[in-house]
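Work through the two exercises below with the sequence and the structure open beside you. Try each task before you read its solution.

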Amino acid sequence: MYSERVLSGMRPTGSLHLGHYHGALKNWVKLQGEHECFFFVADWHALTTSYDDPSIIAKSTWDMVIDWLAAGVDPAQATLFIQSRVPEHAELHLLLSMITPLSWLERVPTYKDQIEKLSHKDLGTYGFLGYPLMQSADILIYRAMFVPVGEDQIPHIEITREIARRYNHIYGREAGFEEKAEAAVKKMGSKKARLYEDLRTRYLQGGDEEALESARALLADTQNLSIGDRERLFGYLENKGKVILVEPQALLTEASRMPGLDGQKMSKSYGNGIFLREDPASVSKKVRSMPTDPARVRRTDPGDPEKCPVWQLHQVYTDANTHDWVQSGCRSAGIGCLDCKQPVIDGILAEQQPMFERAQQYLDDPTLVKSIVADGCERARQIAQETMRDVREAMGLGYV
């Protein structure tokens, strides 16, 4: 129905570390060459937990966009924008709140999980309870087909699909829907119309999923249909109403293998990270100070790489030959811990070097970043406004 659009965002809560790069940004760089991608700064989402101290948000916004560009996100291939500069996000969030059962929000697993983890904060607000709904609005307003997420974020995609389905069920049954759909079929031309009807019959009567996919592809390739007629025919195909909001699919991303300096998951809150554009001397000092296998008290004591956080970094930054060297040298005490750490340092610095080079032009001229974001916000808002016209009209708010 729509292009295979991808949407993803990050909250501006400080400088990005290598865990962000391996967990998300590397995937963004790959996706931008395969799909129409929209990447946004989720500054309203940052307020859900930091409403009492928003001072970090503005500075972090621009630092984070530079980190994206440094990592290889290309504004010529992807749209970069700021959530709060597209006010239609808030409007759709409001309208969806009218139809979303409270129980749907309360059952999102991360809601209770975050309440427990952030027990020191007062999160008894609608903003925090409603953040999954705002996430749904972020996705639905761009009619995104795919959202790259890890397994722990799948419930957010599922609630988004449920909300889109509920909205389409309530508001997609426009007056005279069947008659309008049948008229739209005729606009396809006699040959395509017959094929569409045949595929629709095969799906509705026999549950033929291949026929359903073929019919969807047929509609996507038919150029002489208006957006409204195409939406009607997608709904008519499955004996549903007009599809106004698209049900997105989770695009599962491989779990990041990037550990922190202490062996736990890399996180700012744990203080165990290496930042994307951290000074090389600081990177070297951090890695050289990492804890190692506690059994290696003296240089001559043999160790076990499996019990050492440095070994986890070797899995990310060094090759098979180096792995063999570490395994043999550590277990025989043939190498010291500082020897073992040096290839990791070299690997991290090699990964960071192009990031420094890409970032420099934006540090030298910050107006370049502002211009990229301004262009992205304009493009994002155009698409958001198109969606909202359809949403308002379906809800009886499209006043002439």
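**Exercise 1.** In this predicted model, find how close the axes of helix H15 and helix H17 come and at what angle they cross, and then describe how the two helices are oriented to each other.

*Solution.* Begin by locating the two elements, since helix H15 covers residues 309-317 and helix H17 covers residues 337-364. Their axes come within 9 Å and cross at roughly 45°. An angle under 35 degrees would count as roughly parallel, and one from 65 to 115 as roughly perpendicular; H15 and H17 are therefore oblique to each other. As for handedness, H15 passes H17 in a left-handed crossing. On the side of H15, the contact is made by Val310, Leu313, His314 and Tyr317, while H17 contributes Cys340, Lys341, Pro343, Val344, Gly347, Ile348 and Glu351. Sorted by class, this contact of H15 with H17 has seven nonpolar, two polar and two charged residues.

**Exercise 2.** Describe the whole chain, beginning with how many helices and strands there are, and then turning to its box, its buried share and its exposed area.

*Solution.* Counting the elements gives 18 helices and five strands in the chain. Next, taken along the principal axes, the box filled by the C-alpha atoms is roughly 85 × 45 × 45 Å. Of the 400 residues in the chain, 49% count as buried, where buried means under 20% relative accessible area. The chain exposes about 19,300 Å², and carbon and sulfur atoms supply 51% of that area. Finally, among contacts between residues at least 6 apart in sequence, 77% join residues at least 24 apart.

Technical notes. Residues are numbered from 1 along each chain as its sequence is written. This is a predicted model: local features need pLDDT of at least 70, side-chain atom pairs count only at pLDDT 80 or more; totals for chains, interfaces and linings use all residues. Side-chain values use heavy atoms; hydrogens and water are left out. Axes are lines fitted to C-alpha atoms, for helices over the stretch in contact, and angles run from 0 to 180 degrees between N-to-C directions. Helices (H or I, at least four residues) and strands (E, at least two) are DSSP runs, numbered from the N terminus. Angles under 35 degrees count as roughly parallel, over 145 as roughly antiparallel, 65 to 115 as roughly perpendicular and the rest as oblique. A crossing is left-handed if the near helix is turned anticlockwise from the far one by less than a right angle, and right-handed if clockwise. Contact means heavy atoms within 4.5 Å. Ala, Val, Leu, Ile, Met, Phe, Trp, Tyr, Cys and Pro count as nonpolar, Asp, Glu, Lys and Arg as charged, and the others, Gly among them, as polar. Buried means under 20% relative accessible area, exposed over 50%, partly exposed in between (1.4 Å probe, protein chains only). Accessible areas come from the Shrake-Rupley method with a 1.4 Å probe; for residues, only the protein chains shown count as cover.
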